[in-house]
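Colleague: Before we discuss this model, I should like to see it. I shall then ask on what grounds its features are named as they are.

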Amino acid sequence: MLGAAEILCHEDSIPDETALEIVDIFHSNYPPSHTEEERSNDFLKRSNVEGIQTILSEGRRYFVARESSGSNLLLPVRGFIEARSVEVDGGVLEQLAWIMVREAYRSTGVATLLHDAFIEDAKQKAAGRVLPTLAQLGVNKDNKDAYSIYKKWGYKYHQESANGESVLLKKDL
Ligand SMILES: CC(C)(COP(=O)(O)OP(=O)(O)OC[C@H]1O[C@@H](n2cnc3c(N)ncnc32)[C@H](O)[C@@H]1OP(=O)(O)O)[C@@H](O)C(=O)NCCC(=O)NCCS
C-alpha cells in the first residue's frame with residue numbers, strides 16, 4: 001500500500017537531492033513521441049543538478065510530489081511539474097512545461113495532485129494581476145495518453161505550435 005504524497009513548490013531554490021531526482025525522473029520518463037533533436041536539447045538542460053538550478057534561476061518553478069510518510073527514503077520524489085509564467089500581448093500564460101510521474105506510481109493520482117497544485121498556484125498569481133491569465137500547455141500530437149488526461153482536466157485546443165509537431169492547449173482559471 002502506498003503512503004500519502006505531499007506537494008511542495010520550489011520557486012527560487014531546490015535541495016540538490018530533489019534536483020537529482022528530477023534529473024532521474026526526466027531521463028527515465030521522457031515521452032518517446034518527441035524527436036531526437038528535442039530529446040537532446042531537453043536532456044542537455046536537465047542533465048544534472050546545476051542544470052535544474054539554472055532553470056530555476058531563469059524563473060521557472062518545480063512542483064514536486066514526494067512521500068510524506070518517509071517510507072521510501074531512497075527515492076521520495078514520485079513526480080514533478082516544471083512551470084513558468086509568460087507575459088504575452090494582453091495577458092499572462094501560466095505554462096505547464098513538463099509533467100512526469102515515476103512509472104511505479106502511475107495511475108495513483110500523483111499527476112492529478114500535482115496539476116491541482118499548479119492550478120491553485122496559477123489562480124493565486126492571477127488574482128494579484130490586472131492582466132487576464134490562462135493556463136497553457138503543449139502536447140506532442142503522438143502523445144495520445146497525455147492528450148486524453150489533459151482533456152479530462154478541462155484543457156481545450158488553443159493553437160498549433162510553431163514547429164507543427166505539437167498543439168497548445170489552454171484552460172480558463
Ligand atoms: C502523463 C502522466 C504524467 C500521468 O501521470 P499519472 O500520475 O499516472 O496520472 P493520474 O494517476 O493522476 O491520472 C490522471 C487521469 O488520467 C487517467 N490516466 C492515467 N494514465 C492514463 C493513460 N496512460 N491513458 C489514459 N488515461 C490515463 C487516470 O485514470 C486519471 O483519470 P481519472 O481522474 O478519471 O481517474 C504519466 O503517465 C507520465 O509521467 N507519462 C510519461 C511522461 C509524459 O508523457 N508526460 C506528459 C508530457 S510532458
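The exchange below takes up the sheet, the helices and the ligand shell in turn.

Colleague: What kind of model is this, and what is the order of the strands in its sheet?

Modeller: The model is predicted. Its open sheet has 7 strands in the order E1-E2-E3-E4-E5-E7-E6, and the pairing is mixed. The edge strands are E1 (5–10) and E6 (156–160), and the twist averages 30° from one strand to the next.

Colleague: What makes E1 and E6 edge strands?

Modeller: Each of E1 and E6 pairs on one side only.

Colleague: How do you know that E3 and E4 pair, and in which sense?

Modeller: The criterion for pairing is at least two bridges between the strands. E3 and E4 are joined in the antiparallel sense over 10 bridges, and therefore they count as a pair. Along them, Ala-83 stands opposite Leu-96, and Glu-82 has Trp-98 as its bridge partner. In the hairpin of these strands, with 2 residues between them, Gly-90 takes a positive phi near 80°.

Colleague: What makes the pairing of the sheet mixed, if E3 and E4 are antiparallel?

Modeller: E4 and E5 pair in the parallel sense, over 5 bridges, with Gln-136 in E5 as the bridge partner of Gln-95. The chain passes from E4 through H4 to E5 in a right-handed β-α-β crossover. By contrast, E5 (133–140) and E7 (166–172) are antiparallel over 7 bridges, and there Leu-137 stands opposite Leu-169. E2 and E3 also run antiparallel, joined by 6 bridges; Phe-63 has Ile-81 in E3 as its partner. Both senses thus occur, and the pairing is called mixed.

Colleague: Which strands does helix H4 touch, and what angle does its direction make with that of E3?

Modeller: Helix H4 (residues 110–127) packs on the sheet and touches E1, E2 (61–67), E3 (77–88), E4 (91–101) and E5. Its direction makes about 30° with that of E3. Angles under 35 degrees count as roughly parallel, so H4 and E3 fall in that class.

Colleague: Why are H1 and H3 called roughly perpendicular to each other?

Modeller: The axes of H1 (residues 16–29) and H3 (residues 49–57) cross at roughly 100°. The class of roughly perpendicular spans 65 to 115 degrees, and H1 and H3 therefore belong to it. Their axes come within 8 Å.

Colleague: Which residues form the contact of H1 with H3, and how are they divided by class?

Modeller: Asp-16, Ala-19, Leu-20, Ile-22 and Val-23 in H1 meet Val-49, Ile-52 and Gln-53 in H3. The contact has 6 nonpolar, 1 polar and 1 charged residues.

Colleague: How many residues surround the ligand, and which are the closest?

Modeller: There are 19 residues around the ligand, and the closest are Pro-31, Arg-106, Ala-111, Thr-112 and Asp-145. A residue belongs to this shell if its C-beta atom lies within 6 Å of the ligand.

Colleague: Which elements contribute to that shell, and what is its make-up by class?

Modeller: E4, H4 and H5 (144–152) each give two or more residues to the shell, and H5 supplies the largest share, 5 residues. By class, the shell has 9 nonpolar, 7 polar and 3 charged residues.

Notes
Residues are numbered from 1 along each chain as its sequence is written. This is a predicted model: local features need pLDDT of at least 70, side-chain atom pairs count only at pLDDT 80 or more; totals for chains, interfaces and linings use all residues. Helices (H or I, at least four residues) and strands (E, at least two) are DSSP runs, numbered from the N terminus. Axes are lines fitted to C-alpha atoms, for helices over the stretch in contact, and angles run from 0 to 180 degrees between N-to-C directions. Two residues are in contact if their C-beta atoms, placed from the backbone, lie within 7 Å. Ala, Val, Leu, Ile, Met, Phe, Trp, Tyr, Cys and Pro count as nonpolar, Asp, Glu, Lys and Arg as charged, and the others, Gly among them, as polar. A crossover is right-handed if, with the strands pointing away from the viewer, the path from the first strand over the helix to the second runs clockwise. Angles under 35 degrees count as roughly parallel, over 145 as roughly antiparallel, 65 to 115 as roughly perpendicular and the rest as oblique.
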